[in-house]
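This report describes how the parts of one predicted model are arranged. The sequence and structure come first, and the description follows.

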Amino acid sequence: MTPSINDTATDTVSATGTTIVPVAIAHTPFAEKFAIPRQPALAPAATAVIELLPPFDHPDAVNGLEGVSHIWLLFQFHQVKTEAKLKVRPPRLGGNRSVGVFASRSTHRPNGIGQSVVKLEKVEGHRLRVSGVDLLNGTPIIDIKPYVPYADAIAGARNDIAPQAPAAIRVEWEAEARHQAEEEARRLGEAVIDLTEQCLAQDPKPAYQNPDAGRRYGVQLWDINVTWHYPQPDTIRVLNISRCDIPAE
Ligand SMILES: C[S@@+](CC[C@H](N)C(=O)[O-])C[C@H]1O[C@@H](n2cnc3c(N)ncnc32)[C@H](O)[C@@H]1O
């Protein structure tokens, strides 16, 4: 079940004394941190509802947003302890190379603030339907801003630490698992197969792990457990899809 804002939000006081309170909560398929894409847009099938909270749960607060294709979400990494570290080891770099905290998009950062640009699919009253999210279910959103192409898309920008999206790895299915996924997709009305494939193609396991074929991995998407293994180091095979105890929203 999605945590209520009272379970998750931590009101924080900024350096200027302003209290930061969530303006919305994200309802996403991701029940746990493992296997969430490491940046937005890597899994277009990762759809979510951003539910505005009082006093912003009013059409006035999003008036004009229909004319915008993408939005920035600023949010709290509410399931990470805020730390004052100078250097971090991003999983993207294999977990064995460290860089300065301000040279990374790590979740371990001074004020625990994340930012993701996501596709705005639809404005429905006080709910925004978005896709391509990299957020845990229940993430408190502290601000929403329109993406401004002429200012935010920088031609010729470079990042030598993360120059390009990681190469996707091959995802295949046991026939029975695929059949189960199709049934769950019908029940939930969600793109279970696409989301599973897009998340697993990012290779969720830590980059330093050498998976042996006997080791099983699993993650919860909505109320479904997805189980897989690595028959070869560069291939994931989905073994099982099953319903778990936690009900879908
Ligand atoms: C590397 S961060 C990048 C987030 C954002 N795009 C940014 O650059 O600030 C993405 C990871 O954060 C983790 N995550 C997402 N939402 C979270 C939350 N509410 N609390 C803690 N960790 C979260 C997931 O494991 C996800 O793969």
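In this predicted model, an open sheet is formed by 4 strands in the order β11-β14-β13-β12, and their pairing is mixed. Strands β11 (170–173) and β12 (217–221) stand at the edges with a single partner strand each, so one side of each is left without a neighbour in the sheet. From one strand to the next, the twist averages 35°. Within this sheet, β13 (residues 224–232) and β14 (residues 235–243) pair in the antiparallel sense over 7 bridges, and Gln232 stands opposite Thr235 in β14.

Two helices pack on these strands. Helix α3 lies across β11, β13 and β14 and runs at about 50° to β14, while helix α4 touches β11, β12, β13 and β14, its direction making about 45° with that of β13. Helix α3 (residues 175–188) also packs against helix α4 (residues 192–200), at an angle of about 120° and with the axes 8 Å apart, which means that α3 is oblique to α4. On the α3 side the contact is made by Ala181, Glu182, Glu184, Ala185 and Leu188, and on the α4 side by Val192, Ile193 and Thr196. By class, this contact has 5 nonpolar, 1 polar and 2 charged residues.

A second group of strands forms a barrel, in which 6 strands close in the order β3-β4-β9-β8-β5-β10 with antiparallel pairing. Neighbouring strands there are turned by 45° against each other on average, direction ignored. One of the pairs consists of β4 (residues 47–52) and β9 (residues 127–131), which run antiparallel and are joined by 5 bridges; Val49 stands opposite Arg129 in β9.

The chain is divided into domain 1 (5–152) and domain 2 (170–243), whose C-alpha centres lie 25 Å apart. Their contact takes 17 residues from domain 1 and 15 residues from domain 2.

The ligand has 18 residues around it, of which Ile36, Arg105, Gly114, Leu136 and Thr139 come nearest. The table sets out the classes of residue for three groups.

| Group | Nonpolar | Polar | Charged |
|---|---|---|---|
| Contact of α3 with α4 | 5 residues | 1 residue | 2 residues |
| Side of domain 1 that touches domain 2 | 12 residues | 3 residues | 2 residues |
| Shell around the ligand | 6 residues | 8 residues | 4 residues |

Notes
Residues numbered from 1 in each chain as written. Predicted model: local features only at pLDDT ≥ 70, side-chain atom pairs only at ≥ 80, totals over all residues. Axes fitted to C-alpha atoms, helices over the stretch in contact; angles between N-to-C directions. Parallel < 35°, antiparallel > 145°, perpendicular 65-115°, else oblique. Contact = placed C-beta atoms within 7 Å. Nonpolar A, V, L, I, M, F, W, Y, C, P; charged D, E, K, R; others polar. Pairing = 2+ DSSP bridges. Near = placed C-beta within 6 Å. Domains from an automatic or database assignment.
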